[in-house]
Amino acid sequence: MPIGEISAFLLVLVIVFVFGNLWFHFVETMLQWLKKRFSHHKEPPTWHPLPQDEDNTRDI
Amino acid sequence: MGFFGKLFKGPEIDMEKSNANAKKMRVLFNQTVEDGDNYRLIFGYTEDVSRFNYGFVHGSKTKIGNLIVGWNEASQTIVVVPTVPDLSGCGDPAYYCRSEILKAYRNKYPTDAFVIYPDKKGYIGINAYDWLEDEKLFVYVSQAEELTAFTDFFMNRFAAK
């Protein structure tokens, strides 16, 4: 197979890959936006940050 | 050790980093769980796999949730605290007392996760390994001894049908 045909085939694969990725992220973004728009507002879960001044030298 | 010796030996555990993370896990656990020192700890994680089909693009997505898992032999209780790989914080604990759960068993396929059904509505599958290298996804901690102890506790004193 000539090098030109191989390059063209690889280029098509790259284009399909890039377009697939763009399509995936586009759909994901739209779904996130729709979820945010139409779902009820939920309180974020409680989060406890790691204390900075805590004595971290105790053994497990 | 020569270059090839090091190459074939595989990845080595940074014990300094592992110990520091083990201490952070203990601090986080103790600040959210009452009498936290009565629990032994391991790191575990949950995997949420979902399939998607967006026209000509389809596949699966995996969400990883990091967990600090504590267990108390005397009260036969497992406590699960959600956290993040850098251990900068944690969420509220969930308690699974053997006398209150519906069932618990160790899965065989697709992963050998520790599965707990607190009731008929939901379940939690805890995956645990002695060490996971990927710091971006998992807490970097070496825990071979703790994992053996937890497996023994779960299989022999916690599992219920």
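A polar contact is a pair of N or O atoms within 3.5 Å, and the side chain of Thr83(B) offers one example in this predicted model, since it reaches the backbone oxygen of Gly89(B) at 2.8 Å.

**View 1. Thr83(B) and its surroundings in strand E3.** Thr83(B) is found in strand E3 of chain B, which covers residues 77-83. With a relative accessibility of 8%, Thr83(B) counts as buried, because buried means under 20% relative accessible area. Apart from residues up to four places away in sequence, Thr83(B) touches Leu28(B), Asn66(B), Leu67(B), Ile68(B), Gly89(B) and Cys90(B), and also Trp47(A) from the other chain. Gly89(B) therefore appears here as a residue touched by Thr83(B) and as the one whose backbone oxygen the side chain of Thr83(B) reaches.

**View 2. Asn72(B) and two backbone atoms.** Asn72(B) has its place in strand E2 of chain B, residues 57-72, and it counts as buried at 10% relative accessibility. A polar atom of its side chain lies 3.1 Å from the backbone oxygen of Asn38(B), and a polar atom of the same side chain lies 2.8 Å from the backbone nitrogen of Ala74(B). When its neighbours within four places in sequence are left aside, Asn72(B) is in contact with Asn38(B), Tyr39(B), Thr77(B) and Phe153(B).

**View 3. The contact between chain A and chain B.** The contact draws on 20 residues from chain A and 24 residues from chain B, and the two chains bury about 1,900 Å² between them, with 66% of it on carbon and sulfur atoms. Between chain A and chain B there are eight residue pairs in polar contact, both residues being at pLDDT 80 or more. On the side of chain A that touches chain B, helix H1 (3-38) and strand E1 (48-49) each supply at least two residues, and the largest share, seven residues, comes from H1(A).

**View 4. The salt bridge that joins the two chains.** The count between chain A and chain B is one salt bridge, in which the side chains of Glu28(A) and Lys61(B) meet at 2.8 Å, N to O. Over all chains, the count of salt bridges comes to six. Glu28(A) lies in helix H1 of chain A and Lys61(B) in strand E2 of chain B, so this pair joins two chains. Glu28(A) counts as buried at 18% relative accessibility, whereas Lys61(B), with a relative accessible area of 27%, is partly exposed.

**View 5. Salt bridges within chain B.** Asp152(B) and Arg157(B) meet through their side chains in a salt bridge of 2.9 Å, N to O; Arg157(B) is partly exposed at 28%, and Asp152(B) is partly exposed at 35%. Salt bridges with shared partners join Glu73(B), Asp152(B) and Arg157(B) into one network. Elsewhere in the chain, Asp112(B) forms a salt bridge with Arg106(B), whose closest N and O atoms are 3.5 Å apart. Asp112(B) counts as partly exposed at 32% relative accessibility, and Arg106(B) is partly exposed with a relative accessible area of 25%.

**View 6. Aromatic pairs and a ring cluster in chain B.** Over all chains the count comes to 19 aromatic pairs. The rings of Phe52(B) and Tyr54(B) have centres 4.9 Å apart and planes at 35°; the pair is tilted because this angle is neither under 30 degrees nor over 60. Both Phe52(B) and Tyr54(B) are buried. Phe154(B) and Phe158(B) form another tilted pair, 5.6 Å from centre to centre with 40° between the planes. These two residues are four apart in helix H3 of chain B (residues 144-158), and are thus separated by about one helical turn. Phe154(B) counts as buried at 0% relative accessibility, and Phe158(B) counts as buried at 0% as well. Ring pairs link Phe154(B) and Phe158(B) with Trp71(B), Phe114(B), Phe150(B) and Phe153(B) into a cluster.

**View 7. Lysines over tyrosine rings in chain B.** Lys17(B) lies over the face of Tyr140(B), at 4.7 Å from the ring centre. The charged end of Lys103(B) sits over the ring of Tyr117(B), 4.9 Å from its centre.

Key
Residues are numbered from 1 along each chain as its sequence is written. Chains are lettered from A and ligands numbered from 1 in the order in which they are written. This is a predicted model: local features need pLDDT of at least 70, side-chain atom pairs count only at pLDDT 80 or more; totals for chains, interfaces and linings use all residues. Side-chain values use heavy atoms; hydrogens and water are left out. Rings of Phe, Tyr and Trp (its six-membered ring) pair if their centres lie within 6.5 Å; planes under 30 degrees apart count as stacked, over 60 as edge-to-face and the rest as tilted. Buried means under 20% relative accessible area, exposed over 50%, partly exposed in between (1.4 Å probe, protein chains only). A charge sits over a ring if NZ of Lys or CZ of Arg is within 6 Å of the ring centre and within 35 degrees of the ring normal. Contact means heavy atoms within 4.5 Å. Buried area is the accessible area (1.4 Å probe) that two parts lose on being put together, summed over both. A salt bridge is a side-chain nitrogen of Lys or Arg within 4 Å of a carboxyl oxygen of Asp or Glu. A polar contact is a pair of N or O atoms within 3.5 Å; within protein, one must be able to donate a hydrogen and the other to accept it, and residues adjacent in sequence count only if both atoms are side-chain atoms.
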